[in-house]
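Hi,

Here is the structure I promised to pass on. Have a look at it first, and then read my notes underneath.

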Amino acid sequence: MKKFILFLFIAFIYVAPVQTSYAQDKKDIYEVKIIEKLVLDITKKNMPKVFAVLDENKLKIYSKLFNRVKIVDSLHKADFVLLQKNTDDLEKVIRGIVKDKIPALVLDLHLIRYCPDCLGIFSWINGRPNLILFEEVIRKLNIRLPKEYDYFIESKNYLSLK
Amino acid sequence: MNINKINILLVGFGILTSTYASENILELLKKYEKEADLSKQTKQETLGHLIVISRKDLDIMQAYTLADVLKMLPLFNFGANKFGVESLAISGKSIRISTNYRLYIDDYEVSSIHTYSPFLSYDRYPLDNIDHIEVYYSSGSSAVSNEPSIVIIKLYTKNVKRENKSKIRLTLETKNGYTGVLNFNKKINKDTSVLLTISKMKIDFEKPVINNNKIDRNQDRYSIFFKLIHKNSNLDISFVSVDRGVFAGFSADKSPDDGKLTSKVGYIAFTHKFLEDKSLKLSLSYDLQSREIIEKNKSSEGGIVFLPLYDRKNPPVYMDEKVEFHKYSALAEKTFKTKNNELLVGLFFRDYIQHLEKLDATYKDGSTSDLKNKVFRVKNFKFDSFYLEDNFYIKKNLIFNFNYRFDHFKFYGQSTKNKHSFRTGLIFKNEKYLIKSFYNSSYILPSMLEIESSKENALNPMDFYNITFETGYSNNKLSINGYYGYFEFKNSITFDPAIFKLINTDQKQISNIYGLKLTYNINLFNYLDFSIWSALRKTEASYPAGAYLRLFTEYKKLQVYNELIYKKGFTYYNTLKIKDSIMYTVAVSYKLPHYWRIRFKGENILGNLQQVPYFVAFNNSVGSYNAVDRKLLLTIEKAF
């Protein structure tokens, strides 16, 4: 009997064809919408330029879904920076962010310790998505945000950034 | 007074106002959380009638253990059975050791090898390693469960990539209980992550008085859960140990003089997914479970009614049974996807071994005996399955579901048997409307315990068929679902008081169950969950109908949870009137600086506590004890 059902199983594996469909995930759409809205509200520019240090998969998704912001390959051209991937030149990028006073959002909680002058975090913490914007950086960069962002503004002292 | 201050004031009433226009940043974040919920990746909505308790729900509810979730499940009653083990029962049915429910941690089944009930070790399982819970009300879907059952509860563990912080938790309870938990998450590199949870709990319960004696179900519990993920491979190791009072136990008067029930369960499971689309899954696992029950009861109070030992003229007054179980299993599953079709094909082999280490008894006449080699035990049990499940997309939103399972099994001392299970369903789902209906013909195997307590050391499987129907409507604000289920059981296993053994009965058991569930997003900070249900049965041994109303509130650092559970009263054995019950639970938590959080919870603090009725054959009396306790909990959490 075991041999018979083993035969049936193997027969199925060979007979049935495989095809996978790739539908765009709704969560990616909302993730990109959040970042896009934040970039537009902070920079107050039409089609702001974003320098994005992202892993390959995320970069592909963001490039496809960004409608109202443009990804650029140079920090010096950028109005906004997204940091998600720890690369060899991360320190250099962070120095550039501080020097040119470019607002930067960290997309991986572990990177915030390298970038205390970043504007905030948009990352998963204990299984839930968190958006946190630092009031000290908002003041320092003289950013004026709509009232709806008050909900997300915190002092850096409130969090352990180490 | 600005809007934020008004909101803070309104928190006390559990209602907050939203001041934001549509598609603001908070609304987008809420939608993102909903769409990114891990249940979106795990739930198989087309495969059954399903309730999801999300991470956010668990967080706001302050659901620390599985019992906190099970006590509010629609269509069920939940309470301690005669061994003090908190168990589920379909509305109207008695709360006992049930073979109908299967519990999974991720895709691994953890129910008892001996009884099939998962609750002996998992009733108060801490949820600190769990992301979300899915409860499937319809059986028979192979993609959800490969064991015959009626209800499937799936606990999905946390995704380390979404944690980014480890956590410690300390909970103190009134009645001297406490919990300490370490939940450690580490993403080692792009391909490898580790999840480790260690917990220690002490739970003290109210001790009901039966026959002038307090009976005890207090628990001391440890658990360890370890999960290593590397690329497409998972290694899961779990261990749970529970020491508890034996409660009413096997004692004839439901009131033992002394007793202890110890359960230790563990497993190691390795799973690897092959092929580029991960559509071929292979899994190997080993389970070790052990249990010891020690009980004393005077002969003047009827002694101990442990069926394999019981002699009415000379009943046992002391027993000590220690038993060990092993399970070896191997599983292979392949999924095939085409444009209009999804097919799952699987093979599952299981070998169960029972080893009776000790069975000592002392009888009324003072004689003692070592019964280890004298009583019948199901020493082994082999169970092999072949199953397939097909979802054919007739149209984009209309799915035809077909499920077939062939089971080939042999209990020790019995001949080999084959059983077939079928299930068909039709599912229509679009952005707003949902219609699902299933017909299922399957069976529930007798457990080893039932066979050992039976007249001829053999029982037939309990056959059942059920027809279920669900319809729903949802939009951005509101989601409403109606459910109807017809269940018919044949060859039910029942206790025969004439011979003090279990037998198969010819009597059909029929249940009709109705339910309605409504979720309403009041605004960005509050959502309401309402459910009402009823079961029509000829006899009632638990609440036949119920409803709940739950309000979830989250505003900045504050979370508030309000829960009202109503159960409709009934008459037990035509003599004991159990009143309607309304219980109120509230939970409040506040996030403090540096990832600290303080939580306060009042469980069942107002109203009549639900009751579990019992019948004492020894003196032909009936009574009831509290199904749940009233208690306060204070929790401190620190993420690091």
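Below is what turned up in chain B, one region at a time.

Before you start, keep in mind that this is a predicted model.

**A strand with two partners**

Start with strand β30 of chain B, which covers residues 545-555. Is this strand buried or exposed for the most part? Ten of its eleven residues are buried, so the rest of the structure largely encloses it.

You can see two neighbours pairing with β30(B). On one side of the pairing list is strand β29 (residues 526-536) of chain B, which runs antiparallel to β30(B) and is joined to it by nine bridges. To find this pairing on screen, look for B:S531, which sits opposite B:Y548 in β30(B).

The other partner is strand β31 (residues 558-567) of chain B, also antiparallel to β30(B), with ten bridges between them. Here a handy marker is B:L551, which faces B:N562 in β31(B). β30(B) and β31(B) make a hairpin, with two residues between the strands. One turn residue to click on is B:K556, whose phi is positive, at about 50°.

**Two patches on the surface**

Now for the outside. Which residues gather in a patch of positive charge? They are the lysines B:K161, B:K187, B:K190, B:K231, B:K273 and B:K278. Take B:K231 as an example: you will find it in the loop between β13 (219-230) and β14 (233-245) of chain B. B:K231 has a relative accessible area of 54%, and exposed means over 50%, so this lysine counts as exposed.

There is a nonpolar patch on the surface too, with about 910 Å² of accessible area together. Its members include B:L170, B:Y178, B:W596, B:F600 and B:L634. Four strands of chain B each give at least two residues to this patch: β8 (167-173), β34 (581-592), β35 (596-607) and β38 (631-639). B:L634 belongs to β38 of chain B. Its relative accessibility is 41%, so B:L634 counts as partly exposed.

**One buried valine**

Last stop: B:V69, in helix α5 (residues 66-70) of chain B. This valine has 0% relative accessibility, which means it counts as buried. If you want to try out the distance tool, pick the C-alpha atoms of B:V69 and B:N620: they are 35 Å apart, and the two residues are separated by 551 residues along the chain.

Have fun clicking around!

Cheers

Technical notes
Residues are numbered from 1 along each chain as its sequence is written. Chains are lettered from A and ligands numbered from 1 in the order in which they are written. This is a predicted model: local features need pLDDT of at least 70, side-chain atom pairs count only at pLDDT 80 or more; totals for chains, interfaces and linings use all residues. Side-chain values use heavy atoms; hydrogens and water are left out. Patches are made of residues with over 30% relative accessible area and no salt bridge: like charges are joined within 9 Å, nonpolar side chains (Val, Leu, Ile, Met, Phe, Trp, Tyr) within 5 Å. Accessible areas come from the Shrake-Rupley method with a 1.4 Å probe; for residues, only the protein chains shown count as cover. A salt bridge is a side-chain nitrogen of Lys or Arg within 4 Å of a carboxyl oxygen of Asp or Glu. Lys and Arg count as positive and Asp and Glu as negative; His and the chain ends are not counted. The place of a charge is taken as NZ of Lys, CZ of Arg, CG of Asp or CD of Glu. Buried means under 20% relative accessible area, exposed over 50%, partly exposed in between (1.4 Å probe, protein chains only). Two strands pair if DSSP finds at least two bridges between them.
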